[in-house]
Amino acid sequence: MISQILFIAITIAAIALFSFNLKKVIRNIKLGRPADRSDQPAKRLMTMVKVALGQTKMVVRPIPAALHFVVYIGFVIINIEVLEIMIDGIFGTHRIFGGLGSVYNFLIGSFEFLAMGVWLACAVFLIRRNILKIKRFTARELTIWPKSDANYILITEILLMSAFLFMNAADAKLQLLGAHHYVNAGSFPVSQYLHHLLPDTESGLILVERGCWWFHIIGIFAFLNYLPYSKHFHILFAFPNTYFSNLEPKGEFTNMQSVTNEVKAMLDPSFTPPEAEVGRFGAKDVNDLSWVNLMNAYTCTECGRCTAVCPANLTGKLLSPRKIMMDTRDRMEEVGKNIDKHGTDFSDGKSLIDDYILREEIWACTSCNACTEACPINIDPLAIITEVRRYAVMEESQAPSSISAMLGNIENNGAPWKYSPSDRFNWAKED
Amino acid sequence: MSGKLNIEVPTMAEMIARGEEPEILFWVGCAGSYDERAQKTTRDICKILHHVGIKYAVLGTEESCTGDPAKRAGNEFLFQMQAMTNIEVLNGYNVKKIVTGCPHCFNTIKNEYPGLGGTYEVIHHTQLIQDLINEGKLKAEGGESFKGKKITYHDPCYLGRANGIYEAPRKALEVLDAQLVEMKRCKSNGLCCGAGGAQMFKEPEKGNKDINIERIEEALETHPNIIAAGCPFCMTMLSDGVKMKDQNQNVQVLDIAEITARANGL
């Protein structure tokens, strides 16, 4: 009875804490400017099913794709087991689905194989990150925290899977002993090999079984509550992120409506622009970005596929699209904390540009869209780079001098070079 | 060969004055108009249009920058000024269909002009060439033979990833009976030449290599006779890269339109 109350209390606390933190995340995302992504719901749904659920963009790199697929399937399917744990925990039952007989045996057996798969995949991931030091995982922006974050997640998953397997092993041994409360249920194709590692006494086995049971479920709750602080948020955000992703051709940049009104008024004096909202052109800080840009930042898993294909990064420039996403999230978190502490009108005098994203980074971008193509969950670093450039150019008139000269040429003679418009057609007359 | 242009290139103004309307407007672009190397491609596009008998026109001195480099550089004002001025000219001439000589112009007019009141059917010149081949109007005969030559095609970002056009330029090369070899990074995985996003007009940021060198090294790994391009900016970057690698005696960088014109003896 006490354990049931304890279980319910822990469950409520875990879910309440997660909801509290999730609300903050959503509030932070809503700091962004509006963007309409309500069009083409069917196409959006298809994109989500293909890209997030079906992981179609992962296959470009087959080895991590296969490993990730094991962990993903393991995560999703083993959660059926969590449902049983929840019911058992609340009602004090044991293996409540055991009555399903052979179906249950099949399920538990599959979970065991999946758990072993997840265990091994995470071990390989740890080796790739820490021993093989794959280039994607050794970049400048992967400082201590992002590296530890990745390792914590992998180690936690290994511990959770170990607990699951040891729990089953102890359970099976207790079933063999005919211990009270331990109904004969489940098949244990993997954990049977752990039997010799466990004690032989009933009390010892119960201790292991209960210990692992509690560790497994508390671990899952802890993991849930770790998500809002971690790059691992993608397991939830991949879905809305792909649903709301850009469906237009990648080359199409947004036309700024605020500018359209002003330009129309300039070209046609009789045009009266609708009441203009006070706002800045482009993005100086995170609240100048759209909510989609901000959701992208929370979704980013820092896998670095974007940076690995970025022509600027490949040739030693400072720009890394992954860092653009990480900076956006870090700044957003900082702004969020400021709001919590000092209210919405507080300004800490910092901004996304300069304090996080450097000008040298944004001016290295070729807008080639390799990063957006490479992202397995349709994150768009280029949109953020463009907004920051817009701020630098339109609000500050700060661009590399050759860019300013090019802009001046377009303005004065309708071409990015200093040629006379009257010479534009000379190509037809020359050799 | 891309020599003197023996044909009259009709302008929109002249055509309208004669009471005629062209089937298609050829949008030349700034590079195609002013850059000496790109001008050759421009002239070859005209030769192809003339050869197949399509009624076309150019804007001549009425054309102005689409605003693409301004937009990528972050100057939305200047972009929209250019766009709206151009749209006024295009709509004034009742233009329906446009072929561009540059993927950047193509992308901008096709994707970004409709929101500002300029909706046209826009194709890139490699798509036009593909269509003409499909319709049987254009073959690869009567000119230079490319049989057996090794050609590698560099995907321009604003044609490939930006707009999903990978097949049209390859189709134009397939009819040559040449040996097409793909670079390691091609199609949706293609590596930028380094000129996009207004980089064409500035010095690269600090790094350890120029992007066009990285790309040309990859192109040279395929041991090509010809590197095919579809963009005047890529043309500049790739040609510079070939020169830097001292390979300009062995490797030619040619636009798809130039290759097509040569193959047809235009």
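**View 1. Helix 6 of chain B lies across three strands of chain B.** In this predicted model, the strands that helix 6 crosses are strand 1, strand 3 (97-100) and strand 4 of chain B. Set against strand 4 of chain B, helix 6 runs at about 165°.

**View 2. Helix 3 of chain B lies across strand 1 and strand 2 of chain B.** Here's another helix lying over strands: helix 3 of chain B runs at about 165° to strand 1 of chain B.

**View 3. Four strands of chain B make an open sheet with parallel pairing.** Read across the sheet, the strand order is 2-1-3-4. At the edges sit strand 2 (56-58) and strand 4 (121-124) of chain B, and each of them pairs on one side only. Ignore direction, and neighbouring strands in this sheet are turned by 30° against each other on average.

**View 4. Strand 1 and strand 2 of chain B run parallel.** Zoom in on this pair and you'll find strand 1 (residues 24-27) joined to strand 2 by 3 bridges. To get your bearings, look for B:Ile24, which stands opposite B:Tyr56 in strand 2 of chain B.

**View 5. Chain B and chain A bury about 5600 Å² between them.** Carbon and sulfur atoms give 64% of that area. Three residues to pick out are B:Tyr34, B:Phe77 and B:Phe201: together they supply 14% of the area that chain B buries against chain A, more than any other three residues. As for who takes part, the contact draws 70 residues from chain B and 61 residues from chain A.

**View 6. A:Arg390 and B:Glu76 form a salt bridge across the chains.** The closest N and O atoms of A:Arg390 and B:Glu76 are 3.3 Å apart. Across the whole interface of chain B and chain A, the rule finds 3 salt bridges. Polar contacts between the two chains come to 30 residue pairs, counting pairs with both residues at pLDDT 80 or more.

**View 7. Several helices of chain B help build the side that touches chain A.** Helix 2 (30-34), helix 3 (36-52), helix 4 (68-73), helix 5 (76-92), helix 6 (103-112) and helix 9 (211-220) of chain B each chip in with at least two residues. Helix 5 of chain B gives the largest share, 8 residues. Sort the residues on this side of chain B by character and you get 28 nonpolar, 25 polar and 17 charged.

Methods: Residues numbered from 1 in each chain as written. Chains lettered and ligands numbered in written order. Predicted model: local features only at pLDDT ≥ 70, side-chain atom pairs only at ≥ 80, totals over all residues. Heavy atoms only, no water. Contact = heavy atoms within 4.5 Å. Buried area = accessible area lost by both parts, 1.4 Å probe. Salt bridge = Lys/Arg side-chain N within 4 Å of Asp/Glu carboxyl O. Polar contact = N/O pair within 3.5 Å; in protein donor to acceptor, adjacent residues only side chain to side chain. Nonpolar A, V, L, I, M, F, W, Y, C, P; charged D, E, K, R; others polar. Pairing = 2+ DSSP bridges. Axes fitted to C-alpha atoms, helices over the stretch in contact; angles between N-to-C directions.
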